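Please walk through this structure step by step, going from one acidic side chain to the overall make-up of the chain and then to the packing of one helix.

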Amino acid sequence: MDLLQYDFMLRALAGALIIGITAPALGIYLVQRRLSLIGDGIGHVALTGVGVGLLFHQSPVLTAVIVSAVGAVGVELVRERGRTSGDLALALLFYGGIAGGVVLVGLSDDSGNANLVQYLFGSLTTTSGGDLVVIAVLGVAVLAAMLLLRPVLFAVCDDEEYARVSGLPVRTLNLLLAVTTAVTVTIAMRTVGLLLISALMVVPVAAAQQVTRGFRTTMAVAMAGGVVAAAAGVVVSAEANTAPGATIVIVALALFLALTVAGAVRGRARIRPHSTEREPPDVVLHG
């Protein structure tokens, strides 16, 4: 815990907490749409953006935001208009993004393996004050959009056809989700990395679903779980000298297992009294 007295660790903790609350707030909509792996696909495309930035000596974060946003919008338009299914579109995003990123990073002057690993798996302790400002501004923007537009976003994710018939701007809302996903993936490069951000979007949501039912409650628990995983992951990684991004994901998975067990125990506790109370032994309580 003594490491938290240093400024770089405080910046790392602040950046992790912002991503920890933002990623699940967005991820719950992706899970609802059965697009849990889209974060991985956009992460691969963001790697191409990093390669573009390194090749042309521009800010890798800026080029990654632009390229990943274009890729996310492209996938959404293909899914909506084309004959390509969502799974196939994501697969194309995976392969094209990682291939383009590796080639462009290799062509750039700054093509060291350590530099590439920094973007793939995060480098939380090297977060600068400027990085933290960018993470905070974009993270707050994404979080505000997810919370303020929750009713309409839920309607689109739950039943897109019904939402369209109801007069909601379905295409605009879908594109908003695509762009905010790209932004979230990109700002998470410094925390958990491009290859692990999808886990922070999905795992806290999956954990919350083990003990909650309503969408609003699940969202709140998922966001709280993301914050807990981020904070605990940073502290554990500082004490154990492990990679912060990977440690955050492992803590999130541990939280998922704990809530799964808690949900199972609570479910049995609810069923047991009803199964023996005033019911004859030959009555079947199904349906």
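In this predicted model, a useful place to begin is Asp 40, which, once its neighbours within four places in sequence are left aside, is in contact with Phe 94, Leu 195 and Ser 198. The residue itself belongs to helix α2, which spans residues 38–55. Asp 40 is buried and yet has no salt bridge, and the nearest side chain of opposite charge, that of Arg 33, is 17 Å away. Since a salt bridge is counted here only when a side-chain nitrogen of Lys or Arg is within 4 Å of a carboxyl oxygen of Asp or Glu, Arg 33 at 17 Å cannot supply one to Asp 40.

The wider setting is a chain with twelve helices and zero strands, so that the elements, read from the N terminus on, are α throughout. Of its 287 residues, 45% count as buried. Among the contacts between residues at least 6 apart in sequence, 76% join residues that are at least 24 apart.

Helix α7, residues 150–158, allows a closer look at how such burial is arranged, for Leu 153, Val 156 and Cys 157 are buried in it. These residues lie on the same side of α7, because they cover an arc of only 95° around the axis. What covers the buried residues of α7 includes α1 (7–32), α6 (129–148), α8 (160–165) and α9 (170–187).

Of these surroundings, α9 can be described in geometric terms. Two packed helices are described by the angle between their axes and the distance between the axes. The axes of α7 and α9 come within 10 Å and cross at roughly 100°, which makes α7 roughly perpendicular to α9. On the α7 side the contact is made by Val 152, Leu 153, Val 156 and Cys 157, and on the α9 side by Val 170, Leu 173, Asn 174 and Leu 177. Leu 153, Val 156 and Cys 157, the buried residues named above, thus reappear in the contact with α9.

Ala 155 is also found in helix α7, but what is its exposure? With a relative accessible area of 26%, Ala 155 is partly exposed, because buried means under 20% and exposed over 50%. When residues up to four places away in sequence are not counted, Ala 155 touches Glu 160, Ala 163 and Leu 168. The C-alpha atom of Ala 155 is also separated by 9.6 Å from that of Ser 166, a residue eleven places apart from it along the chain.

How values were computed
Residues numbered from 1 in each chain as written. Predicted model: local features only at pLDDT ≥ 70, side-chain atom pairs only at ≥ 80, totals over all residues. Heavy atoms only, no water. Helix = DSSP H or I, 4+ residues; strand = E, 2+ residues; numbered from the N terminus. Buried < 20%, exposed > 50% of the residue type's maximum accessible area, 1.4 Å probe, protein only. Lys, Arg positive; Asp, Glu negative; His and termini not counted. Contact = heavy atoms within 4.5 Å. Arc of directions from axis to C-beta. Axes fitted to C-alpha atoms, helices over the stretch in contact; angles between N-to-C directions. Parallel < 35°, antiparallel > 145°, perpendicular 65-115°, else oblique.
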